Every structure is written in structure tokens, then in C-alpha cells.
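Reader: I should like to learn how to read a few features of a protein model. Could you take me through them in order?

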Amino acid sequence: MAVQESAQRQAAGRPMIELRNVNKWYGDFHVLKDINIGVRKGERVVVCGPSGSGKSTMIRCINRLEEHQKGNIFVDGIELTGDVKHVEAIRREVGMVFQQFNLFPHLTVLQNLTLAPIWVRKMPKKEAEELAMQLLERVKIPEQANKYPGQLSGGQQQRVAIARSLCMKPEVMLFDEPTSALDPEMIKEVLDVMVGLAQEGMTMICVTHEMGFARTVADTMIFMDRGQIVEVAPPKEFFANPKSDRTKLFLSQILSH
Amino acid sequence: MTDITQDASTGFIEPRRGIVERAWEWARANLFNSVLNSILTLIIAALIARIAIPLFNWAVVDATFSAPNDATCKAAGGACWAFIADWGKFLLFGRYPEDQRWRPTLVIVIFVAMMLMSSRARLGGKLLLAMWAAGVVIAVALMFGGFLGMPYVETELWNGVPLNLLLTVGGCGFAFPIAILAALGRRSRMPAIRWLSIAYIELIRGVPLITVLFMATVMVPLFLPTGVTIAKLWRAEVAFTLFFGAYLAEAIRGGLQVIPRGQYEAADALGLGYWRKTLLIILPQALSISIPSLVNTSISAFKDTVLITVVGIFDVLGDVNNAMNAPEWRSAYWEGYSFVALLFFAACFYMSRYSQRLERSLSRTRPGARRR
């Protein structure tokens, strides 16, 4: 059954993102150890694991906010190397949402959204603004378009951040603990937007501890610990009978409350 | 005094009491609210009286406002404002041809007007920048003359206040782009650029302005090919530019340092690339944070321009020194220096008030700018 599924998955498309034997060190500290993953187009991957397990570092390597020292990373067939052209090409295709939102505080919400399309995609201003308004509708805050980020709540800021990434029409979205900095009552509004994205078929890699979200949307769960990928499984299997003890321990801790 | 005022916060209506009553109440609450404070208040009041009263007598009561020479003033015992009345125009404009003094006057008017417009009117940044650039060009053209029937005046004769203004605005104006590049260069990941920037900033900051001025005016001509001369004023201006540049660079670096890493990462993740990231995201935030220190640097730059006297170019302070060579006013240095001090105080006070207002208005229109 599992074999069949994976065969189907192979047939569904080429890998959108591929990491082969990726290794990374911070000085002597080995943060990523022989990471191998393939993410196909439209696949939704949720990465979880204890803090310090290297999950954020791993996804930050995919758009080269962090540099890996060994191994290969391919995004949409382009290899990520020191070549600035490759890095910029990949960054245009890969959207990223951060834990701390990282909106540009000196620009209005609308300007935050239109900046990259105008300057990187060379989109005419009017077209960029129309696109931005569409996306603000989609994240349900079109009425905030002319405010500054500092005037919005955390949940609203994070939705703006998602819309800002989508403005570049990325092929892949990376989420680096997007709800960890939010007050509990704001988590849902952000997750709702992410679920919507997943249902529309966006290729996504989410580092998150929101296991409800993982159950709903994930095609694949990845569990990392101490720089290694410990377990890769579809969510049903992952939650029902995890294979490794470390996964069991982690799940018991995270699901116990 | 029975005006009725309504207290906005409580809606309570009370008759306004007499001013003396209120002053006394204020003094009781603020100056005499404890034994120690009462003693301090009395001591300070005595000190103020000892200084302020003689100063007032000197400056106003015993002062001479019109006299042929300082001997007459001495007889009166007070300030000799007659010197300023007699030599005021020379102090302001120096040896600039007398019949052409309307030109430097106009230059001063232009600069003061631009300063007022920058602080009062809500003009856009680009418009202000264009206005200042045009203002400086017009000022230099006016000083030079040689067109529209205005006789040509060589830079040797550009003295007094217009010189201080031109050196400050021109120096800071040219220094600003250099400072931005040096500040960015100092944080560059490329070693050659980083070390070059550090060398420039630290070398200049490690040397007194006088040294830089002497280098530019005395040593630079030695390295120029024979036959090539650059007017001393321009050499001095280059020295000021380099000097201000290093200090402005440090002010800007201070702003760059507080921009959170997330801003760089967000810009990188959008694929903006180095220059767009720097110009659109990082610098606008860093510069608005560094405004107070940029203005501080500009204020001290303005005051530093008087040092140009040491290389034989006569700004307003140089003019005072020259004027006191006149035999009939030899003892009027108190008055001459007070005049210069008041001019500089007025200008610097205005600039620092302006920077405070600017800071407030920036933090108002960009509520998030300071928080993250």
C-alpha cells in the first residue's frame, strides 16, 4: 500500500525541491546531517521536531538565507550554488513567511505587497496594486491596505506577510513557524489562510507545531531531531503509529496538552 | 481677572485666578517644596542676580550704540555696540566688493528661506532635495557673478557669513553620499571594500579638522601638476567634505545597526538583490532613525566651518578678527565675539529644534518605525 502510494507520488510530478546529502555546520556544531528530501509539485510537507533540531535551518537553506556546506539543493531544477544569478532566480520562485512577520515598517501594507512585483518582476504599478488588492481580499484584510504594519495586530501582520509572498506568484511557499509569535486567538486566522492555500494546490513546506493543521493539510510529515531526519510518513501513519522512539516521545509531549 | 475657563478633562468650570497668585502657587510647588530646595533656589537666585544684572548693565544700560571709536565706549563703561553698527556689514560680508553686497545678502536670505521652508512646509523629500541643490547652485552663481551685468568676484573675496553657509551646506551635501557609501562599505562582506571604508572613516576621525584643512590647502598643491591650480576655497571645501563624510558615515552606521536582521532576510527572500534591498528597505529606515545624530553632526559641521580662518580664508569669525585690526576699535573684541556667538547660537538652536520636530513627526507618521 505504502509502496503503491509512493509510486503514484513519483508519477504525479518531478521533484520541485530536492535536497541531497545536505550538511551544514555552525563552527563545530553539526546542524544538518545528511538531509535528503524530495518535494513534488503540489505536495504539502509539514516539518516538526524539538527546538534546535535544525528544521528552520533546513528550510532557510532552500532560499539560501543560510548556506549549506555539503550536498546539493535543487529548486525547480536549478541548483543552489554561490552563483548570485541562481540564488536570485530561486528566491523569485520561493516565497517565505517568517515567525516574526518581518514586514517593512516604513511602507504601507499596499506598498509592502507591491514593492517586489514592481522592482523585481517589473510589473506596472497599477497591475501590481490590483494584484495586491486581490491578495489582500484573499487574506481578508483589504480594508487595511493603507495602514502601516505597526497599526495592525500580529495575526493581521502575518496575513499581510503571506500576501506579500504570494504577490511574487511563487511556485513554493516556505513557512518558518508562522504562528509561533502569535497570541492564541490570532493563530486560527493565519492557519485558515494557510489551509486555503494548501487546498488551492500550492507547494508548501511548513515548519510548525500546529498538529491540527498538519493533520488537515499535510501530504507528508517530516520529523527532525538533532539535525537529522528521523521519520518521513503520511500524517495518518505518522500520528497513529510512529516508528521511532524519538518521534513517539515528541508526539506524546506535544499532544499531551 | 475673572475669565472663565473650562477644564477640558473634567468639565469643571473655575474662575481663573490672578497671575501673581498662580505664579506664587507654582513657585511653592516647584521651587520651595522642601527646605533643601528652598535653599538651592535662593542660592541660584543670588547667582543669577550677580551675573544677570551686571550683564544687563553692560549690554544695555551703559552700552554705547554710536561712537567714533572705542575710547568713547570705554568712558561710558558698557558694551561698545557702536563697533557692530560701524563694522556690521564688514563682519557679515568681509571684503566682498561694497557695491555688490546685495549678492551675499541675497545668498543669506536664500539659505534662511530654504531652512524655514524645510521645516514649516510639508514638502516631499525629493522636492526639498531639489530645492537645496538649486539653492546652492544659485548661491554660488550669485557669489561668482560674471553674468547679467554682475561683475565677477573671485573666491578670495567671498568672506563672512555666506562662506559659513556655503561650506556647511555644500560640505554636508557632498559628504552625504560619501557617508552612505562608507557606512554601507563598513558593513560589507567584501574585505577590500570593508577595509577601505574603515580606513577612511578612522583615519579622518583620528585627525583634527585643522590637520585635514592644512593638508588640503598646503599639501595638495604640491602634488598637482605644474600649471594646474585649484582655488584655495575649493580645496578647503574638499577637506570639509571628507571630514564631515566620516562623521556622517558613523551617524548613518548607527542607524544601520539597529535595523533587525529580519528586514534583510525578508528583502532577500523576495529576491530584491543587494542594491534594491539597501535603497528601498534598509536605508530609508536607517536614515530616519539616524536623523537626530545627522542633524547633530550638521550642527557641529556648521560650527567647525569657522576653523577655515586658520588657512587664511576669512569667514565671519575671520572678519571679526580683521575688523579689530582697525586702530579705532582695538578693544571691541567682547562685542565682536558676542555678535558671532549670537549668530551661531540662533542658527544652531533653530536647527536642533527642527530636528526634534522632525523626529516627532517621523515617529507619528510611521508608528512601526521605532518599534521593531
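Author: We shall discuss a strand, the cysteines and the aromatic rings of this predicted model.

Reader: Let us begin with the strand. How many residues of strand β3 of chain A are buried?

Author: A residue counts as buried when its relative accessible area is under 20%. In strand β3 (residues 44–48) of chain A, 5 of the 5 residues are buried, so the strand is largely enclosed by the rest of the structure. Both of its faces are covered: A:R44, A:V46 and A:C48 lie on one side, and A:V45 and A:V47 on the other.

Reader: Which strands pair with β3(A), and in which sense, parallel or antiparallel?

Author: One partner is strand β8 (residues 203–207) of chain A, which pairs with β3(A) in the parallel sense over 4 bridges. Here A:V207 is the bridge partner of A:V47. Strand β9 (residues 220–225) of chain A also runs parallel to β3(A), joined by 4 bridges, and A:F223 in β9(A) stands opposite A:C48.

Reader: Turning to the cysteines, how many disulfides are there over all chains?

Author: The test is a pair of cysteine sulfur atoms within 2.5 Å. The count over all chains is 1 disulfide. It is formed by B:C73 and B:C80, whose sulfur atoms are 2.0 Å apart. The link is right-handed, with 55° about the S-S bond. B:C73 is buried, at a relative accessible area of 3%, and B:C80 is likewise buried at 3%.

Reader: What is the nearest cysteine sulfur to A:C61?

Author: It is that of A:C206, 17 Å away, and A:C61 is in no disulfide. A:C61 counts as buried, with 0% relative accessibility.

Reader: How should I read the aromatic pairs, and how many are there over all chains?

Author: One considers the distance between ring centres and the angle between planes; over 60 degrees counts as edge-to-face. There are 16 aromatic pairs over all chains. The rings of A:F238 and A:F239 have centres 5.3 Å apart and planes at 85°, so this pair is edge-to-face. Both residues, A:F238 and A:F239, are buried. By contrast, B:F83 and B:W329 form a tilted pair, 5.7 Å centre to centre with 50° between the planes. B:F83 lies in helix α4 (residues 81–93) of chain B and B:W329 in the loop between α13 and α14 of chain B, so the pair ties together parts 246 residues apart in sequence.

Reader: Which charged residue lies over the face of A:F239?

Author: A:R215 does, at 4.4 Å from the ring centre. Similarly, A:R164 lies over the face of A:F104, at 4.5 Å from the ring centre.

Key. Residues are numbered from 1 along each chain as its sequence is written. Chains are lettered from A and ligands numbered from 1 in the order in which they are written. This is a predicted model: local features need pLDDT of at least 70, side-chain atom pairs count only at pLDDT 80 or more; totals for chains, interfaces and linings use all residues. Side-chain values use heavy atoms; hydrogens and water are left out. Buried means under 20% relative accessible area, exposed over 50%, partly exposed in between (1.4 Å probe, protein chains only). Helices (H or I, at least four residues) and strands (E, at least two) are DSSP runs, numbered from the N terminus. Two strands pair if DSSP finds at least two bridges between them. Rings of Phe, Tyr and Trp (its six-membered ring) pair if their centres lie within 6.5 Å; planes under 30 degrees apart count as stacked, over 60 as edge-to-face and the rest as tilted. A charge sits over a ring if NZ of Lys or CZ of Arg is within 6 Å of the ring centre and within 35 degrees of the ring normal.
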